[in-house]
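Thanks for coming. I will walk through one structure, and the sequence and model are going up now.

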Amino acid sequence: MGRSRAPNAVGQAVTVGTAVAVVAALARPVAAHGGTLGGAARETATVPTWLLVATGGGVVGASFLLASFATDREFVASIHAGRREIPVPARTVLVWIARAVGLTALAAVLVVGFTGPTDALSNTAVLVVWAGWWAGFSMTTYLVGNAWPVLNPWRTLAAAVPSVGRTYIWRGGAWASVAGLLALVWLEVVSPLADEPRTLATTVLAYSVVTLAGCVVYETDAWFRSVDPVARVFRYYGAVAPAGIDDDGSLALRVPGAGLTDDILGGVDEVAFVVALLWVTTFDGLVATPAWEAVATTVVGWGLPPEILYPAALVAGFGLFFGIYLLAAHAARETADTFVAAPTLARRFAPSLLAIAAGYHVAHFLGYFVRLIPALSLSVTAPFETVNPEVIVLPDWFGLIGIFGVLGGHVLAIAAAHAVAFDLFPGRIQAIRSQYPFIVAMVFYTMVSLWVVTRPDVQPPYI
Amino acid sequence: MSDTDSIETAASERTDGTAYDVPPDRSAVDCEYCGRPFAGESLLALHRGHAHPTQITESECEAFEDAYDAETGQLRRFRLKSLTALVLLYFGLLMVYALVI
């Protein structure tokens, strides 16, 4: 069912959304008459991509300029300060229920994946993994809070198995998770994981073996904290969310994005993971663009084996995104005239990128998730039947939610980075100037991402 | 270079995990209360006022207020430029849209 084909509708929606905003701004009759959004969409077919992309970059730049008007230290610090503890009744029972749900889902994915219908839209494994988990559950981690530590079936299983308890010592830090994340996304793009339930079930089984082996050799906590890329993705997304666990272990409500102002990253290696998370969402869409098809065909024409093409592009693109970010951290030392070391700057400002990554995730996956809800519920209630589920047809305006996701992510990111800058630097002008290079990097990421989601979708070549 | 080394050692011992790195060709003024290096007297004065408000002497307090006022003037000019940039960006895009669509 082509998981990465989802952005097509989003692409149109971005066009529609930006156009609606622009049309409204220009107060042209088409909007004033409440003419349907379909009308607005037809109007926008003429918005050239370069203008759309430039508008996106302009929105990010304008948000920064607006944020720079807030220079009162107490006010800036107070924005993210609010906390309200949420009492959780029968916490132990809820945890056990969540663990049971996680285990049941894993068992269902494996059993139905291997023995159920081979039609992707009827198979529980495919729908639970892609629609339910990677699209739906991921959204809850940044919109509500990260429930993965209790839901994670491998953590539950590993807790029941004694651990050898070898100390995990690897000087490479989070680079193992970076490699793991890139490998998972490479696998997702090049293999028919979303079309063939058997392949998917085999992959889940392989992941289970590696993860459980890791938990047995090292300690469960150490494995999920240091190595496992999936747990790290959800933990980082959880920093964006309005609900989170405070230092004292209590569940608390906070301002969305407040977690991004904390010093949550251990070093430049974890910064690399954040940038990788931002990059893989872009890469997922990039490989389905006609431009990629042209580049891929040319490069393979020169003699590069197609098997190397995708991993090479994945790593090269990550290198570019990461290089730009590190360059921004170094440049910030100059613009802010500070002696704070570049790795510290990189570390403190990187969490704000998580809000942007979450925004792109909404734009890429919300429509995909909603369209597949009927198929998902059918596959859960009748796992062994081959069915022909309805696919919800989304109205035109639905894509606007994705646009607001991208914009909302940027607003959270800029607010968080602004607060961090005021926390880090004694001068107010200095704090604002420290943001220049990071804003340039953000504008670049936004423009690349907008360009990708507005391209027409094609089948990625050579896979 | 021994100065830089001692600064880095001090930085690694600090609890907030902020590392400092002074390039060899730059001279830094250090905060006498916590050892953090700054690029100039006014940044140091601002830091002292924000980070050590209860410890500083009267003259340091005055230096903080002067630096703060000087910065307020800079901020006012920055806001004017910022507003100009916003207006140019908004109307620039508006014009482009009017021409293109």
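Start at Val274(A). Setting aside neighbours within four places in sequence, Val274(A) is in contact with Tyr236(A), Ala350(A), Pro351(A), Leu353(A) and Leu354(A). Please keep in mind that this is a predicted model. Val274(A) is also among the residues with the most contacts inside the largest nonpolar core, which has 136 residues. The others on that list are Val240(A), Val275(A), Ala276(A), Leu277(A), Leu278(A) and Leu354(A). Leu354(A) therefore turns up twice, as a contact of Val274(A) and as a member of that list, where a core is by definition a set of buried residues joined through C-beta atoms within 7 Å.

Next, helix H10 of chain A, residues 175-190. H10(A) has 16 residues, and the distance from its first C-alpha to its last is 22 Å, close to the 22 Å expected at 1.5 Å a residue. Which residues of H10(A) are buried? They are Ser177(A), Val178(A), Gly180(A), Leu181(A), Leu182(A), Val185(A) and Val189(A). As a general point, an α-helix has 3.6 residues a turn, so residues three or four places apart point the same way. The cover over the buried residues of H10(A) includes four helices of chain A: H12 (220-227), H13 (229-238), H14 (268-286) and H16 (306-335).

Of those, take H13(A). Two packed helices are described by the angle between their axes and the distance between the axes. For H10(A) and H13(A), the axes come within 9 Å and cross at roughly 95°. An angle from 65 to 115 degrees counts as roughly perpendicular, so H10(A) and H13(A) are roughly perpendicular to each other. On the H10(A) side, the residues that meet H13(A) are Ser177(A), Gly180(A), Leu181(A) and Leu184(A). On the H13(A) side they are Pro229(A), Arg232(A) and Val233(A). By class, that contact has 4 nonpolar, 2 polar and 1 charged residues.

Val189(A), one of the buried residues of H10(A), also gives us a link to Pro290(A). The two are 101 residues apart in sequence and 16 Å apart in space, C-alpha to C-alpha. Pro290(A) lies in helix H15 of chain A, residues 290-301. Is Pro290(A) buried or exposed? It has 11 C-beta neighbours inside 10 Å, so Pro290(A) counts as exposed. Beyond four places in sequence, the contacts of Pro290(A) are with Arg455(A), Pro456(A) and Val458(A).

Two backbone details, for those who check phi. Ala90(A) is not a glycine, yet its phi is positive, about 50°. Ala90(A) sits in the loop between strand S1 (83-85) and helix H6 (91-115) of chain A, and it counts as exposed because it has 9 C-beta neighbours inside 10 Å. Asp337(A), also not a glycine, has a positive phi of about 50°. Its place is in the loop between H16 and H17 of chain A. With 17 other C-beta atoms within 10 Å, Asp337(A) is partly exposed.

Now the second chain. Chain B has 3 helices and 2 strands, in the order α-β-β-α-α along the sequence. Of its 101 residues, 16% count as buried. Among contacts in chain B between residues at least 6 apart in sequence, 9% join residues at least 24 apart.

Helix H3 of chain B, residues 58-100, has 43 residues. At 1.5 Å a residue H3(B) should span 63 Å, and its end C-alpha atoms are 62 Å apart, which agrees. The buried residues of H3(B) are Phe64(B), Ala67(B) and Glu71(B). Their cover includes H21 of chain A together with helix H2 (41-51) of chain B.

That brings us to the interface. In total, 29 residues of chain A are in contact with 30 residues of chain B. On the chain A side, the elements that give two or more residues are helix H1 (7-26), H4, helix H17 (342-349) and helix H21 (428-453). H4(A) gives the largest share, 6 residues. By class, the chain A side has 16 nonpolar, 10 polar and 3 charged residues.

Last, H4(A) itself, residues 49-67. Its 19 residues should span 27 Å at 1.5 Å a residue, and the end C-alpha atoms are 27 Å apart, which agrees. The buried residues in H4(A) include Gly56(A), Gly57(A) and Gly58(A), along with Leu52(A), Val53(A) and Phe64(A).

Key. Residues numbered from 1 in each chain as written. Chains lettered and ligands numbered in written order. Predicted model: local features only at pLDDT ≥ 70, side-chain atom pairs only at ≥ 80, totals over all residues. Expected span 1.5 Å × (residues − 1). Buried ≥ 20, exposed ≤ 12 C-beta atoms within 10 Å, placed from the backbone. Contact = placed C-beta atoms within 7 Å. Nonpolar A, V, L, I, M, F, W, Y, C, P; charged D, E, K, R; others polar. Axes fitted to C-alpha atoms, helices over the stretch in contact; angles between N-to-C directions. Parallel < 35°, antiparallel > 145°, perpendicular 65-115°, else oblique.
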